Amino acid sequence: MKHKESTIRALIDEAERTLCEGPHPERARRDAETLLLHIIRENAHAGHKAWLTYHGIAQNINSAWLVANRYLSTMPIISDNFKTLVMRRRTGEPIQYITGETEFYGLPFRVTPDVLIPRPETEHLVEKVLELAANFAAPRIVDVGTGSGCIAIALAYKLPQASITAIDLSKSALAIARENAKRNGVAMRFLEGDLLVPVTEERFEFIVSNPPYVAEADRESLSVEVREYEPALALFAGDDGLEVYRRLIPATFDALIPGGFVVLEIGYGQSPAVAELLATSGFEEIEFVPDLQRIPRLACARRPI
Ligand SMILES: C[S@@+](CC[C@H](N)C(=O)[O-])C[C@H]1O[C@@H](n2cnc3c(N)ncnc32)[C@H](O)[C@@H]1O
């Protein structure tokens, strides 16, 4: 069958109509553009260079390029592959899992369904640790539940003098985190295990974590992207979402040096319970940092000196 040639604009218009029937019509055009750019770049990787070279297409093309070249006819392989990806997105598959890429703290990360997609609000955690770490010459930092490695890698990138350990219960998540560390040119130790068990004998200046904190009861209220595609191990923490904090916070106290800090991401409405857990474990200087929506998003506390 002879393929009909499609222009870039016709492909995006058609994809937008398809994606308007999916779970996020408000992002339909943006998603269509992201997927088309991904496919064009992929084809450059895959060796379909003739068409790309002929049209002077570089790897770093962007949305402005799509607009400027809207009447350009694409290769059939590009339009066929694009339509397949659009159908995946229409069912709710996160765009980051389709492209395998995301950005966190300005750094590139590979993501697969084995890892949580890093969220922009988690960048607040990195910011807070960088602020506190300015008072330590060479801090030892452990990231519990590293997932894609986003927190540990961003910290390693900004604090080359720190020694960083990244722990996760999931072997497949650790494989992605290792790959991301290599890609971003940073070195650290990766350990598989439950919370702080792999470092039982050690002491740290910082323990940081964005642990699972969604209540099982809230499962149905999550978006289809999260509920159906992100790993359950990364999301759920018992009936009230506090199960991991209940084990992690006392263990953290024991693993910190006197004067060391714990910095945790927390979920909506969890600050009173987390404050209580921190206080009963012996922490002082308990502070909550709000996100851009003014929701307390970080719990930060210090082991007394
Ligand atoms: C919410 S995700 C956070 C991932 C990443 N740090 C981020 O901020 O995007 C939680 C991570 O904790 C890991 N995890 C869950 N339970 C754990 C446990 N008991 N011990 C260690 N890691 C655990 C999951 O595999 C997942 O990678």
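A residue is called partly exposed when its count of other C-beta atoms within 10 Å falls between the exposed limit of 12 or fewer and the buried limit of 20 or more. Keep that cut-off in mind as we walk through this predicted model.

Let's start with the whole protein. The C-alpha trace spans about 75 × 40 × 30 Å along its principal axes. The protein has 13 helices and nine strands, and of its 305 residues, 37% are buried. The domain assignment places domain 1 at residues 8-92 and domain 2 at residues 113-302. Taken over C-alpha atoms, the centres of domain 1 and domain 2 are 36 Å apart. If you like contact maps, here is a useful figure: among contacts between residues at least 6 apart in sequence, 69% join residues at least 24 apart.

Now try the opening cut-off on a single residue. L130 sits in helix α7, which covers residues 123-133. Because L130 has 14 other C-beta atoms within 10 Å, it counts as partly exposed. For a sense of distance, pick T280 as a second point: L130 and T280 are 150 residues apart along the chain, and their C-alpha atoms are separated by 26 Å.

Next, turn to strand β7, residues 256-265. This strand is mostly covered, with seven of its 10 residues buried. Two partners are worth finding. One is strand β6, residues 204-209, which pairs with β7 in the parallel sense over five bridges; here F204 stands opposite L256 of β7. Another is strand β9, residues 296-302, which runs antiparallel to β7 and is joined to it by five bridges. In that pairing, E265 stands opposite L298 of β9. When you inspect the side chains, remember that in a regular strand they alternate between the two faces of the sheet.

Finally, look at a pair of helices. Helix α12 takes in residues 243-255 and helix α13 residues 271-281; the two pack at an angle of about 35 degrees, with their axes 9 Å apart. The crossing of α12 past α13 is right-handed. On the α12 side, the contact involves Y245, R246, I249, P250 and F253, which meet V274, L277, L278 and S281 of α13. Sorted by character, the residues of this contact are seven nonpolar, one polar and one charged.

Note on methods: Residues are numbered from 1 along each chain as its sequence is written. This is a predicted model: local features need pLDDT of at least 70, side-chain atom pairs count only at pLDDT 80 or more; totals for chains, interfaces and linings use all residues. Helices (H or I, at least four residues) and strands (E, at least two) are DSSP runs, numbered from the N terminus. Domain bounds come from an automatic or database domain assignment. Two strands pair if DSSP finds at least two bridges between them. Two residues are in contact if their C-beta atoms, placed from the backbone, lie within 7 Å. Axes are lines fitted to C-alpha atoms, for helices over the stretch in contact, and angles run from 0 to 180 degrees between N-to-C directions. A crossing is left-handed if the near helix is turned anticlockwise from the far one by less than a right angle, and right-handed if clockwise. Ala, Val, Leu, Ile, Met, Phe, Trp, Tyr, Cys and Pro count as nonpolar, Asp, Glu, Lys and Arg as charged, and the others, Gly among them, as polar.
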